[in-house]
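Got the structure open in your viewer? Let's take a short walk through some of its charged side chains, one selection at a time.

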Amino acid sequence: MMALVERARGYEVAMVASDKPDAAGIAWAAARGLATFALSPKGIGKPAYEAALDRALRDAGVEVIALAGYMRLLSDDFVAAWRGRIVNIHPSLLPNYKGLDTHARAIAAGDGEAGCSVHLVNEELDGGAVLGQARVPVERGDTPDTLAARVLIAEHLLYPRILSEFVTR
C-alpha cells in the first residue's frame, strides 16, 4: 500500500481502507493526510462490513480499488458491483500457485523462477485477467522467506507501474 501511495503516477489515492482498525498502514496514511476507513467485520458480518466499505469507497470518489495485503475473499456481490475496477497483487506468476504459501510451493516444485502478478479481481480466487508480471529467480538455498523478500521488492516496483497503466488506459 505504501508503495502505491509513494509511487502514484497518473492516479490519486482517494482513501486507504483496512479490515483491521489497528493496522499500521491506517496510521501511516492518516499521518500523511489521506482519508482512511477502518472497520472490522467481526461482530457485524461480511454483508454489513462490505456494505459499509462500499459506501465509504463511493463517498470518497474511488473509481478503482487496489488491494494490497487484503487477505479476505470479497463476496461475489461486491466483486460484481465493482467489476473490472478491482486490482490485486499476488506473489506468484499466475496462473501458478493461486492462494497461500506461494513461495514454498514454487521452491518445492523446483521452479527456476517465481515472481508476482497484478491481476483483475473476479469471483475466482486469483483468477482474474493478469495485467502484468515480474519474474524473480529462485536461487539455490532459497527458503520461502528469502524468496518472499526478493519478490516483495519486485511487487513494490511492479504494482504502482501496472496500476498507473491500468487507470490511464
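Start by selecting R72: is R72 buried, partly exposed or exposed? With a relative accessible area of 34%, R72 is partly exposed, because that value falls between the 20% cut-off for buried and the 50% cut-off for exposed. Keep in mind as you look around that this is a predicted model.

Next, add D19 to your selection. R72 and D19 form a salt bridge, and their closest N and O atoms are 2.4 Å apart. This pair links distant parts of the chain, 53 residues apart: D19 sits in the loop between β1 (16-18) and α2 (24-31), while R72 is in the loop between β3 (65-66) and α4 (76-81). Unlike its partner, D19 is buried, with a relative accessible area of just 9%.

Now bring in K20. K20 also makes a salt bridge with D19, with 3.9 Å between the closest N and O atoms. K20 counts as partly exposed, at 45% relative accessibility. Show D19, K20 and R72 together and you have a network of salt bridges.

For the last stop, select E123 and R83. Here's another salt bridge, with the closest N and O atoms 2.4 Å apart. E123 lies in the loop between β5 (113-120) and β6 (130-137), and R83 in the loop between α4 and β4 (86-90), so the pair ties together parts that are 40 residues apart in sequence. E123 is partly exposed at 38% relative accessibility, and R83 is partly exposed too, at 44%.

Want to keep exploring? The salt bridge count for this model comes to nine.

How values were computed: Residues are numbered from 1 along each chain as its sequence is written. This is a predicted model: local features need pLDDT of at least 70, side-chain atom pairs count only at pLDDT 80 or more; totals for chains, interfaces and linings use all residues. Side-chain values use heavy atoms; hydrogens and water are left out. A salt bridge is a side-chain nitrogen of Lys or Arg within 4 Å of a carboxyl oxygen of Asp or Glu. Buried means under 20% relative accessible area, exposed over 50%, partly exposed in between (1.4 Å probe, protein chains only). Helices (H or I, at least four residues) and strands (E, at least two) are DSSP runs, numbered from the N terminus.
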